[in-house]
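Here is a quick tour for anyone meeting this protein for the first time. Have a look at the picture, then read on.

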Amino acid sequence: DFLCISLVNGFTQLRYNLGDRTVILQTLQKIHANGNTWHSLSAGRVGNEGYLDLDGINITRKASPGMKALDTHTDFFVGGVSSLNLVNPMAIENEPTGFTGCIREVVINNRELNLTVTDSKGGANIGDCDGTDCGYAVCKNNGTCQVENSGFSCSCPREWTGTMCEQSIYCSQNMCGSHALCIPQPSSLSYTCACTLGWTGKYCDNKIKFYIAKFVGNSYIKYTDPFYGKRDLQYSRLSLNFTTNQTEGLIAWMGKSEDEDNDFLAIGLANGTLKVVINLGERISVPLMHSKYFTCSDGRWHFITVVQNQTCIKVYLDEELILFEDIDPQRKYTALNYDGICYFGGFEIGRKVNIVTTGLFQNEFFGKIKDVVLFQDSKKIQLMKAEGYNIHDGNSGN
């Protein structure tokens, strides 16, 4: 399998093969090869249907029956490859050759790659394309960079300030404490303080302890499992108690959630109904829906346990078996490689639930969670010792 973007006789070409045949898309217009015109290119596929967009002009190739997953386990190359022998002969039209020019702002599945010496795995013969102190995107938030004798300066849009336009003007005089993040609120010309785990109050200056975590929106807990290296990932288990009066929300997500390759097990609510989704490596997530509607958004405590026995999934709600399904009788993938990461209630601030979960869940969780147990551990995990923001003490009324 491969996916390749290349220049062919001045045209941009996308070629990909999901295991059965090579699909080829080519732009209608040529690129300006004058060395000073930037082009915006978007290319990819949904299932086996491909798209290629150059400077806003789109080409698509309708899907025909066939394979739908891109199974590659190699490095991702930009501008060239370490050895031209690695290039599949079907991936390009002519003999393979490295790219000469400038590339910036590479985004894969909504995640930007940092094309730097420290962030990349390797490379050769790469220089700075801009050649000035301004470089690329030195000034944040659409600021304009000017080269000066002493380096550079940024001219910032109205709502931003700082040497690189990195700070909102609404946060420039903030009173958030050292245990807080300032979140600008442009609509009210103000800001709010997002408190780190264990702190609360308007300015996050009140220390708290909790055993019941209360999620109030823009809240999340990220727990790293210290025993991950010793787990048998073919037999996973997650159980917890939750209460909410909302009909939508992500309760728990076991997995890194960085790109579409990551395995995950997710629990949440959709239309007031319990929804469990699991992906063991096929990129085709399998959602399991509880058939009894509107039973989980009643403000009462509910106890849920999800058990993964290779590809067999069991879901217990209030100690009643409500779902039992073998998601892949072929047993192609049987382990939940979740990297020891568990999210509760949502994801990091700025990462929207509907985008990270590709629409599987719509909102972050509003409600309370307690008594979280992983696998067959004898102890509940200590949510207080995890990472997170905007978590209140669920025992008290705040």
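Residues 24 or more positions apart account for 56% of the contacts in the protein with a separation of 6 or more. Keep in mind that the model is predicted. In terms of secondary structure, the protein has one helix and 28 strands. The C-alpha trace spans about 65 × 60 × 35 Å along its principal axes. Of the 398 residues, 38% are buried. The protein exposes about 22,600 Å², and carbon and sulfur atoms supply 49% of that area.

What does the record say about domains? An unreviewed UniProt entry lists "domain: Laminin G" for residues 1-129 and 210-398. Over residues 1-129 the chain is 0% helix and 31% strand, with the end C-alpha atoms 32 Å apart.

**Rings**

Searching the whole structure turns up seven aromatic pairs. One of them joins Trp 253 and Phe 347: the ring centres are 5.7 Å apart and the planes sit at 75°, so this pair is edge-to-face. It also links distant parts of the chain, since Trp 253 is in strand S19 (residues 249-254) while Phe 347 is in the loop between strand S26 (341-344) and helix H1 (353-356), 94 residues apart. Are these two residues buried or exposed? Both Trp 253 and Phe 347 are buried.

Phe 347 has another partner, Tyr 343. Here the centres are 4.9 Å apart and the planes are at 65°, so this pair is edge-to-face as well. Tyr 343 and Phe 347 are both buried. Add Phe 264 and you have a cluster: ring pairs link Trp 253, Phe 264, Tyr 343 and Phe 347.

Some rings have a charged neighbour over the face. Arg 104 lies over Trp 38, at 3.9 Å from the ring centre. Lys 275 does likewise over Phe 361, at 5.5 Å from the ring centre.

**Salt bridges**

How many salt bridges does a search of the whole structure find? There are twelve, and the table shows some of them, including the N to O distance for each.

| Lys | Asp | N to O distance |
|---|---|---|
| Lys 121 | Asp 75 | 2.9 Å |
| Lys 256 | Asp 339 | 3.8 Å |
| Lys 380 | Asp 371 | 3.1 Å |

Start with the salt bridge between Lys 121 and Asp 75. Lys 121 is in the loop between strand S8 (111-112) and strand S9 (144-148), and Asp 75 is in the loop between strand S6 (57-61) and strand S7 (107-108), so the bridge ties together parts that are 46 residues apart in sequence. Lys 121 counts as exposed, at 74% relative accessibility, and Asp 75 as partly exposed, at 40%.

Next come Asp 339 and Lys 256, whose side chains meet in a salt bridge. This pair, too, links distant parts of the chain: Asp 339 is in the loop between strand S25 (320-326) and S26, and Lys 256 is in the loop between S19 and strand S20 (264-270), 83 residues apart. Asp 339 is partly exposed, with a relative accessible area of 38%. Lys 256 also counts as partly exposed, at 26% relative accessibility. These two belong to a network of salt bridges that links Arg 111, Lys 256, Glu 258 and Asp 339.

That leaves the bridge between Lys 380 and Asp 371. Lys 380 has a relative accessible area of 51%, so it is exposed, given that exposed means over 50%. Asp 371, at 24% relative accessibility, counts as partly exposed.

Conventions:
Residues numbered from 1 in each chain as written. Predicted model: local features only at pLDDT ≥ 70, side-chain atom pairs only at ≥ 80, totals over all residues. Heavy atoms only, no water. Phe/Tyr/Trp six-rings, centres within 6.5 Å; stacked < 30°, edge-to-face > 60°. Helix = DSSP H or I, 4+ residues; strand = E, 2+ residues; numbered from the N terminus. Buried < 20%, exposed > 50% of the residue type's maximum accessible area, 1.4 Å probe, protein only. Lys NZ or Arg CZ within 6 Å of the ring centre and 35° of its normal. UniProt positions renumbered as here; feature names shortened; annotations may be inferred. Contact = heavy atoms within 4.5 Å. Areas by Shrake-Rupley, 256 points an atom, 1.4 Å probe, with all protein chains shown as cover. Salt bridge = Lys/Arg side-chain N within 4 Å of Asp/Glu carboxyl O.
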